[in-house]
Structures are given as C-alpha cells and as structure tokens.
Amino acid sequence: MGALLEKIKIPHDRFEMRLSGSGGQGMILAAVIMGEAIGIGGKKNVVQSQSYGPEARGGASKSDVVVSPNEIFYPKAMRLDLLLAMTQESLDSYYPDLKEDGVLIVDDVLVTDFPTDKYYGLPFTRLAREEAGHVMVANVIALAAIAELTGIVDREALTNAVLNRAPRGTADKNKKAIEIGFREAARLKEKKG
Amino acid sequence: MATAVKQRSDVILDYIRPRKKFPSVWCAGCGNGIVMSALIRAIEKAGYSKDGIAMLSGIGCSSRMPIYFDVSALHTTHGRALGFATGVKFARPELKVIVITGDGDALAIGGNHFIHACRRNIDITAILLNNYIYGMTGGQGSPTTPSEAFSTTTPYGNVEKHFEPCDLAAAAGATFVGRTTVYHAPQMEKLLGDAMAHRGFSLVEVVSNCHTYFGRLNRQGDAVSMINHFKEQSVPVAKSRKMSPEELEGKIVTGKLHEVDKTEFCDEYQRVVDAVQGRN
Amino acid sequence: MPDKKRVLMQGNHACVAGAIYAGMRFYAGYPITPSTEVAEGCARRLPEIGGRFIQMEDEIGSIAAVIGASVAGLKSMTATSGPGYSLMVENIGYAYMTETPCVIINVQRGGPSTGLPTKVSQSDTMQARWGTHGDYTAIAVAPSSVAETVTETIRAFNLSERFRTPVTLLLDEVIGHMREIITLPEPGECEVVERVKPTCPPEQFIPFEMTESLVNPMPAYGEGYRNVITGLTHDTMGFTTNKPVEIAPKLDKLRNKIMRHVDEITRLRTEFIDDAEILFISYGSVARAAFQAAKIAREAGAKVGAIQLQSIWPFPDKELMELCARCRKVIVGELNMGQVAIEVERVLPRDTEVHTLLRYDGEILTPMQLLEKLDEVL
C-alpha cells in the first residue's frame, strides 16, 4: 500500500443503507419509497440504485440508498451505515460491507445464522402475514422499523411515501404495516436499552 | 384520338418532378414505367393533391420511382421503406402514403416490416413490383423466383420454394390485397385507385417483366413476349374461383383478391389519445 | 415563488422528461434491457400530450419510423441498448446522409453480442462514433446523473435540430436505472431549439444548398415542398449523383457543419482541478466515482482533480489539451477496454503520462479502485 492510501478517510457526510433480500420481496420498491420519504419533503440529496439478475422472482436482490446534505458523487454504497437483510443469503453476501458501528436489521425468522450479536431482529415476514394481512407488506414493516431505529425519516414522511406508492385498495394494509413496524422496533429499542 | 393522347401525356408530365434529369435508370421496355403511368392516372382520377402525398421506397429498380414523382419522396434503405412509411403516416396521418417496393426489397430483406405493416393495418398503400429477380444488382434470385428458374445465383435452377406475396399479406392481416400485371394497364389503374381509397393497409402486387435478366436467363424473350406471356397466363379472379387447382397451376390470378373492413392503426391510436386526454 | 417540486426519478425516465421538454412527440422503439423504461415512459406519457408512441417489430424498423416521423415534421427519438444499436446503425447512417434530425438513446450494457443485459458497460462509445459505414461526423453526449440526463437529453435534441444530424445520448445501466432527487426544469428555463423551415417558395427551394452555415432549412412532408430525400449520395437538389465534384463537397458538408462548432458542442465538468498534478478523465457513471475519488484524495492532501466528458463526440481535443496542460499524468477510467483512452493518448502531448483503469466485468469502477490506481501512479 502506498502513502496515499494510508491517509485517506471514507467520507463522513453520507448515510448509506442497503436493503437486501430475495427477488420478489420488494427490496427495490422499499428503497424507492425510502428515497422518496427522505428526499421529496426534505433538503437532502438522495441516490437510490440497485442490482438484480434477469429473474423477476427469486435470486439475490439488493438496493442501496445514499443520503447526504452535500452533492452525492459516487452513487453506490461504499461502507454501509445500515444493512437490512431479509434472508440468510443476503446477510451472508452483504454483512462484510457493513461498517464496524453500522446498524444491522434482520428478519430473525428467515435468518438463523448470525455473524454478530449486535443486530436488531424482527420477524418481518411473519408479522406481515399474520398481523398485517399480507406477506407483501413485510418490506413496509421493515421500512418503518428502520425509521424508528435510526431516525433517518419521520413517520409522516414515510407514511406519505408508502401510500403514494401503494397499489389501489392496499392503503389500510400498508398503514397497518407501518404501525406494526414502528411499534415492534420501539419495543425492541426499549428492550435493548 | 390525337387530343386524347395529348391529354394523357399532359397528366403524366404534371406528376413528373420538373427538375429531375432524365432518362430514368430503367431499361427500355421495363414494366416499371407502365406502373408509374397507371399510378399517375389513378392519383389524378382520385384527385389527391400532390402536396398531400408521400411516396417512399427502398432499394432496387422499382424503388427509384419516387425520385421521378413530383411528390414528397423518401428513397430509403433496402427493405425498410415500410418502417419509414409507418413513421411518416403515424406522424402525419392526413398524408396519403404510398410505398413502392420490389420482390427482394419487400419479401427478403424487408419481410419482417412487410408482415408487421400488414398486421398493424396502417393506412399505407404498398405497390409490390414483382419481377421474380434482383434487377438492379444484375439478376440474382429473389424470394419470388420460381422453383427451378435460373438467375445468376441459381445457375443450376432454383432449389428453393417461392413466396406468394398476396397470400402472405392477407394472412398477415392486410385488409386490401390485389394482383395485376403490367399487361393489364387499365385494370392496374382501377386496382391502384381502389387500394389508395381503402382505409387500412393495402397491397397491390404487379407482376412485371425484367427481360434484361429474368427473361434472358429463362429464355422468355424480350419485353413484348414477356408481357404477352403475362396476358396468356392471367385469369380474372372471378373466373379463377370456378377453376381447379390443377387448372390454376402456373396462372396469374388478377383483380381484387381480398378486402375486409378492420379498424385502422392511426385511427385506433387517436381513439386512445382522445380517451387519455378526455380522462385528464 | 414556492420551491420547485422535488422528485425521485430514474435516469431512463429523466430521459423521457427531457425529451418531452425538448418537444419530442414521436417515439418508436423495441424493448431491450436496460433501456426499456424509456419506451414504457413514452408509451404512457405521449398520448397524454397528443404525441405518438409505437412499438415496432425490431430496432431497424424503429429507427426507420423515427426518421420517417422526423421528415414528417415531428421531433422524434428511440431508445435501445448495444444489440439494438448495432441493428440501427445502417439507418442512423441514412439520417447522417439525409441530414435528418433524431435522437438515439443508448443505455449501454455489456457486450459483444447479447452480452450482459443487466450489467453496466461503456463499450458502445466508439460505436456511437463509427457505428455506421462511410465518412461522417457524429455527435454523442454522455450524462453522469439523473439531473444531467434531463438537461443533456434536451441538449441532444437541440444539437440534432441545429445541425440536422442524428445525436446519440450515451447512458449506461447505472445512470439509466438509478434514481436521484431532482427538480424538473420549468417551461422556459432551458433553451429549446426549433427546426428551421424554409420560407422561400417551393420552386426556389434548394434542399441541400451550400450555404454559409451548411445547415439547410428543412420542410416537413405535406408543406408543399415535395422534395426528394435519398440515402444515395446526392447533389444540392437532393438528386442522386456520381460526379466527383459533387460527392466530396457533400461529405465535407456533413463534417464541417459540425466540426466548425466543436467548441459549442463540447461540454465538460471539472472538479478539484486547480493546481492538480494528476487528473482523472472519465464519463457516465465512472465520472461519479472519479469525482468521489478526487475529493477523498484532496482531503488526504493529494493534488488530484477530475474531468467529466459530458460530450464525447466530437472529441474535445482543444479543451482537454488546455485542461491537462499543467498536469503530468492523467488516469482514464472507463468501463471498456480503453475506447476513450485511445483518444486521450492521441490528444495529449507525449510527455503527459496516460494511465488507464479499465473495467469490463459488468461492474462499475469504485472510488477505491481509482484511489488505488492513483496511489500506484503517484
């Protein structure tokens, strides 16, 4: 390693999150909603990007959201401040990109093997199916939990962004999902102290 | 009689591009000129304004025709005239759009555009001058070259099967299909007029003579004997319906072969535009 | 005045927004990843404003319809990716020859052949310059952000109308698919160039006259001019010619009408270049990584800057020479085997070291990779 590389610092004016899971879990849509919730009403810059394979369902899916008060040069994540992993495969793939004091949020029913004990675990998929009424809103429950745990976006902005994107006739399920996400995350936060 | 001839040539001159240098690229005796004059008479009779016509073509002998016509002319790339014409018509539906094409241009390199223009039923009149060979490049086999016929690329006789352009067009969704030959000039004029008046995609196949290549390589003689041969081979469509397949073998069935009423593409799109704008 | 509405918009949709702002009212295309959202956006938006969208049978038909619509008087465009662009190039050549304005969006993916439909690449850079056969001068612009995609799409239409020539907008998969918070320009905020039409009577109209600007007024079909347009080499009347004294001037016209205005076509963005001893040169998504790397390097005390080529063709020879005059080394970063690097080497003086960082594995270059390269050549 040369002299320069020893001196460089990773930029501190960016908040980088990655929402990951398997294709069909709505990770890209979740990232779009998060980007809109943070960016449209506020003053911060937001870049959302994704990578995906050719299959519409299944396979690994990830989407990054980078937030900064300054111009965002590099559009993709460099060192994650937050990682949401909805499956074991996505956790294994992306955990190495999470910085040391980064926030890890997992679906602790679908993930069974944890690389660290510093994480927030909630059964997003089960909550969606059993409490919110549809497995498809697991991503919205996760967004609400991220909001509660990080404070990156307030509840009103998130709710507006979710409802703006929600298909016709799903507003109630989505509102319920937001409520569950905030409630469960607050309970978790309290428990962890 | 002299007066009548004079009038006819005046009509022709009126539709020929005034500043274009002649002679044309066509061989003496070529059927392309007969088609051009029939088309002029049909346009004249229908009363379409020259400013309201866009004439397009691809590449080949017949595709030179729009350059000589005193209308907006787009001489495009090989096989693609119907793609360009779709853009012209869709952008400016009030134009009367005519495509001049050949058997190689329409059915080989342009085959995909041909079937899809038929399928869309866009209001374009395609005139396919079928001389069974590539004339401009010197006599190579085309998709309509009959089995066993000779060309410079089928020197031992054609081993391939050929397309029937009219059957193809009707099957692909064209709503007006007709066939004639360069012998049948008055019928051609009528057929072209009917095709242009039809709203939707119309195809007129005109069987034409390339005595320079097809005639020479297949021992069919000069222009006159080839055109006479078309006369002998031809059967009007009404008569053909009473004939057996065996009797029709080697015949050219002429007249309006197919006409159906279906909604036209630009009209359908406009309906969508109106609905979308009405909604807002 | 209230703040302008902020939207989170995808690059491909920004392209649609920019095109409609510029007056595009005709789209013909064929679906291909990663450009398809452009077609989908046009299919939805154009009927709302009385424009026209058509999905053609292939890319050859698509560009043909686009050129047909342009001669019929509408600003028109298509969008595709590498394989589709390959199919279009013959008819793009027809647009060069017939001097027909149109815009072609190429959202690049990996190649050759079917290659990498969902992965990023910049390997059509040279194809945008030399794709079709024959001699001609191409214009290609390459935005690096969603906001720039709006403004560069508008500019692509403006250049196309002003010079009566096809213009290629080179996006890449990263720019096409990522979303950024932007504000869209209000009507009147950005310049929109309209097509110049002839004012003389039709009988006096010389469609391809050798005028001082070399760019002729262009009538639409149906407006009474009844001119002939052919892809064969033609004289000033538009009639085919085989005369040497008419052929070379036609080709000179195609080149000179653009090359005399390189300065006005060229657009570069520079960051941290004051006193820079080393410069990154890049475009598209890589420029974002290069700006980031330069920023990080500056914070670590290195005299490093970055140049983004917002327009690639005609190549900005003069501007690059001036910007790089005081630096000793440049690093060209791109997602191909060095298509712009060849041009940079051609332009810069021999004593400037030209280093390359090339990636062609379907992934974007990262700031860290650029910093490692910088560290290596320092």
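## A sheet shared by two chains, and what surrounds it

Nine strands build an open sheet of mixed pairing, in the order S9(B)-S10(B)-S7(B)-S8(B)-S4(B)-S3(B)-S1(B)-S2(B)-S10(C). Its edges are strand S9 (234–236) of chain B and S10 of chain C, each of which pairs on one side only. On average, and with direction ignored, neighbouring strands of this sheet are turned by 20° against each other. Please keep in mind throughout that this is a predicted model.

Let us begin where the sheet passes from one chain to the other. Strand S2 (residues 72–75) of chain B pairs with S10(C) in the parallel sense, over three bridges. Within this pairing, B:Ala73 stands opposite C:Val228 of S10(C). Elsewhere in the sheet, strand S4 (residues 124–130) of chain B and strand S8 (residues 202–207) of chain B are parallel partners over six bridges. Here B:Ala126 has B:Leu203 of S8(B) opposite.

The strand pairings described in this report can be set side by side.

| Strands | Sense | Bridges | Residues opposite each other |
|---|---|---|---|
| S2(B) and S10(C) | parallel | three | B:Ala73 and C:Val228 |
| S4(B) and S8(B) | parallel | six | B:Ala126 and B:Leu203 |
| S1(A) and S4(A) | parallel | four | A:Leu19 and A:Leu84 |
| S4(A) and S5(A) | parallel | five | A:Leu80 and A:Leu98 |
| S2(A) and S9(C) | antiparallel | two | A:Gln48 and C:Arg179 |

**Where the chains meet**

Which chains have the most contacts between them? Of the two pairs of chains that touch, chains B and C have the most. In that interface, 37 residues of chain C are in contact with 38 residues of chain B. On the chain C side, two or more residues come from each of strand S2 (24–29), strand S3 (52–55), helix H3 (59–71), helix H4 (82–98) and strand S10 (228–230) of chain C. H3(C) gives the most to this side, with nine residues. By type, the residues of chain C that touch chain B are 21 nonpolar, 10 polar and six charged.

Chain C also meets chain A: 26 residues of chain A are in contact with 30 residues of chain C. On the chain A side, H1, helix H2 (27–39) and strand S2 (45–51) of chain A each supply at least two residues. S2(A) gives the most to this side, with six residues. The residues of chain A that touch chain C divide into 14 nonpolar, eight polar and four charged.

S2(A) also takes part in a pairing between chains: with strand S9 (residues 179–183) of chain C, S2(A) pairs in the antiparallel sense over two bridges. The bridge partner of A:Gln48 in S9(C) is C:Arg179. Chains A and B, for their part, do not touch, and their nearest C-alpha atoms are 18 Å apart.

**Inside chain A**

Why is S4(A) described as largely enclosed by the rest of the structure? Five of its six residues are buried, so the rest of the structure largely encloses S4(A). S4(A) has parallel partners in strand S1 (residues 15–22) of chain A, over four bridges, and in S5(A), over five bridges. A:Leu19 stands opposite A:Leu84 in the pairing with S1(A), and A:Leu80 stands opposite A:Leu98 in the pairing with S5(A).

Helix H4 (residues 124–132) of chain A has buried residues too, namely A:Phe124, A:Thr125, A:Leu127, A:Ala128 and A:Ala132. Viewed down the helix axis, these buried residues fall within an arc of 165°, so they line one face of H4(A). Their cover includes strand S5 (98–107), strand S6 (120–122), helix H5 (138–150) and helix H7 (171–192) of chain A. After H4(A) comes A:Gly133, with a positive phi near 100°.

**A helix pair in chain B**

Helix H4 (residues 81–91) of chain B packs with helix H6 (residues 111–120) of chain B at an angle of about 35°, with the axes 8 Å apart. H4(B) makes the contact through B:Leu82, B:Gly83 and B:Thr86, and H6(B) through B:His113, B:Phe114 and B:Ala117. The residues of this contact divide into three nonpolar, three polar and no charged.

**Confidence in chain A**

Chain A has an average pLDDT of 93, and 95% of its residues score at least 70. In this chain, confidence is highest in strand S4 (residues 80–85), at 98, and lowest in helix H1 (residues 3–7), at a mean of 89.

Terms used:
Residues are numbered from 1 along each chain as its sequence is written. Chains are lettered from A and ligands numbered from 1 in the order in which they are written. This is a predicted model: local features need pLDDT of at least 70, side-chain atom pairs count only at pLDDT 80 or more; totals for chains, interfaces and linings use all residues. Two residues are in contact if their C-beta atoms, placed from the backbone, lie within 7 Å. Ala, Val, Leu, Ile, Met, Phe, Trp, Tyr, Cys and Pro count as nonpolar, Asp, Glu, Lys and Arg as charged, and the others, Gly among them, as polar. Two strands pair if DSSP finds at least two bridges between them. A residue is buried if 20 or more other C-beta atoms lie within 10 Å of its own, exposed if 12 or fewer, and partly exposed in between; C-beta atoms are placed from the backbone. The arc is that of the directions from the helix axis to the C-beta atoms. pLDDT is the predictor's confidence in each residue, from 0 to 100. Axes are lines fitted to C-alpha atoms, for helices over the stretch in contact, and angles run from 0 to 180 degrees between N-to-C directions.
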